[in-house]
Amino acid sequence: MTEHTRSGFVTFVGRPNVGKSTLTNALVGEKIAITSEKPQTTRRAIRGIVNRPDGQLVIVDTPGIHKPRTLLGERLNDLVEQVLGDVDVIGFCVPATEKIGPGDRRIAASLDGYPRAKKIAIVTKTDAASRDEITERLMEADALREDWAAVIPLSALTRDQLEVLTDEILTLMPKGPALYPEDITTDESIEDRIAEIIREAALHGVRDELPHSIAVVVDDIAPREDSDLTDVHASIVVERDSQKAIIIGHKGSRLRDVGARARTEIEGLLGTRVFLGLHVKVAKEWQRDPKQLGRLGF
């Protein structure tokens, strides 16, 4: 990169499930944040790094802003506030497929609290919307604030307009050298990435309150002696015995499915064959318990 490059931090905000993590992964060019149709999937500030000849973007993927019902929910909202106070650019996301509602308006108005950051409105999921819907959503988004630096429609799935967004964000960044080495795409640890892969697999197909009750802790990662296998042992933590039964399934069938889904992706991440040992543990009401939250990294 030349000395005329720009670099800085950007985060995407919006209601849960508007496509923030999918957009992050598409911009980075690899999967660093798990995605799910379940709301509030993201639970940490995950940094993805985008390198361009003219600069570097550090995308901080955060949880969706929501009305918290647990101590975990409060801490996730606090995390988002902290990130918003530190970034250079905020991208406000609304899906093209849904009319803008009170939640969107509340979040857009709350950006007044972060005067330092430049702001962009992003209409996501244009691949799933009609031309009229996209036009209507662009007009609705544009009307939410007077200080948008740009209003951009895009699809992370088809990559339509992604380069336009990247170019726009880079022009808004301060001049400066790269903040991370150019050969890395995230500063997430291997343990954290594996834990998230397992949680994504465990989220698949579960309903109601169970998604919010699932946490994953990696207990051990070690290469097996005299073998090309890596042994990975992890615990899936839930809040109630009834949830444990759901995760395990009839005669262990569901847990085997979770293991098979996760193992394939973990092997791609580690570059070796993997033996994945999963155990399901109950930590009563961990989302509301400060000590349990601390143990689980929140």
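Trainee: What does Arg-273 count as at 46% relative accessibility?
Mentor: The model is predicted, and the accessibility is computed from it. Buried requires under 20% and exposed requires over 50%. At 46%, Arg-273 meets neither condition, so the residue counts as partly exposed.

Trainee: Which residue forms a salt bridge with Arg-273?
Mentor: The closest N and O atoms of this salt bridge are 2.9 Å apart, and the partner of Arg-273 is Asp-228. The two come from distant parts of the chain, 45 residues apart, with Arg-273 in strand β9 and the partner in the loop between β7 (215-223) and β8 (229-238). The partner is partly exposed, with a relative accessible area of 47%. The residue asked for is Asp-228.

Trainee: Which residues do salt bridges with shared partners join into one network?
Mentor: One link is the salt bridge between the side chains of Arg-137 and Glu-140, at 3.1 Å from N to O. Through shared partners, one network is formed by Lys-99, Glu-136, Arg-137 and Glu-140.

Trainee: By about how much of a helix are Arg-137 and Glu-140 separated?
Mentor: An α-helix has 3.6 residues a turn, so residues three or four places apart point the same way. Arg-137 and Glu-140 are three residues apart in helix α4 (residues 131-144), and therefore their separation is about one helical turn.

Trainee: Which of the two counts as buried, Arg-137 or Glu-140?
Mentor: The cut-off for buried is under 20% relative accessible area. Glu-140 has 22% and counts as partly exposed. The other residue has 2%, so the buried one is Arg-137.

Trainee: How far apart are the closest N and O atoms of Asp-147 and Arg-145?
Mentor: Asp-147 is partly exposed, with a relative accessible area of 37%, whereas Arg-145 is buried at 11%. They form a salt bridge, and their closest N and O atoms are separated by 2.7 Å.

Trainee: How many salt bridges does the count come to?
Mentor: A pair counts when a side-chain nitrogen of Lys or Arg is within 4 Å of a carboxyl oxygen of Asp or Glu. By this rule the number of salt bridges is 20.

Trainee: How many of the 14 residues of α6 are buried?
Mentor: Helix α6 covers residues 190-203 and reaches 20 Å from its first C-alpha to its last, close to the expected 20 Å. Its buried residues include the charged Arg-193, Glu-196, Arg-199 and Glu-200. The helix is mostly covered, and the buried number is 11.

Trainee: What is the phi of Gly-205, the residue that follows α6?
Mentor: Gly-205 comes after the helix. Its phi is positive, near 85°.

Trainee: How are the rings of Phe-92 and Trp-148 arranged?
Mentor: The count comes to one aromatic pair. The ring centres of Phe-92 and Trp-148 are 5.7 Å apart and the planes lie at 20°, so the arrangement is stacked. Because Phe-92 is in strand β4 (residues 89-95) and Trp-148 in strand β6 (residues 148-153), the pair ties together parts 56 residues apart in sequence. Phe-92 is buried at 0%, Trp-148 is buried at 11%, and the geometry asked for is stacked.

Trainee: Over the ring of which residue does the charged end of Arg-224 sit?
Mentor: A charge has to be within 6 Å of the ring centre. The charged end of Arg-224 is 5.6 Å from the centre of the ring of Phe-275.

Trainee: Which residues does His-279 touch, leaving out those up to four places away in sequence?
Mentor: His-279 is in strand β9 (residues 273-282) and is partly exposed, with a relative accessible area of 44%. The residues touched are His-233, Ala-234, Ser-235 and Ile-236.

Technical notes:
Residues numbered from 1 in each chain as written. Predicted model: local features only at pLDDT ≥ 70, side-chain atom pairs only at ≥ 80, totals over all residues. Heavy atoms only, no water. Helix = DSSP H or I, 4+ residues; strand = E, 2+ residues; numbered from the N terminus. Buried < 20%, exposed > 50% of the residue type's maximum accessible area, 1.4 Å probe, protein only. Contact = heavy atoms within 4.5 Å. Expected span 1.5 Å × (residues − 1). Phe/Tyr/Trp six-rings, centres within 6.5 Å; stacked < 30°, edge-to-face > 60°. Lys NZ or Arg CZ within 6 Å of the ring centre and 35° of its normal.
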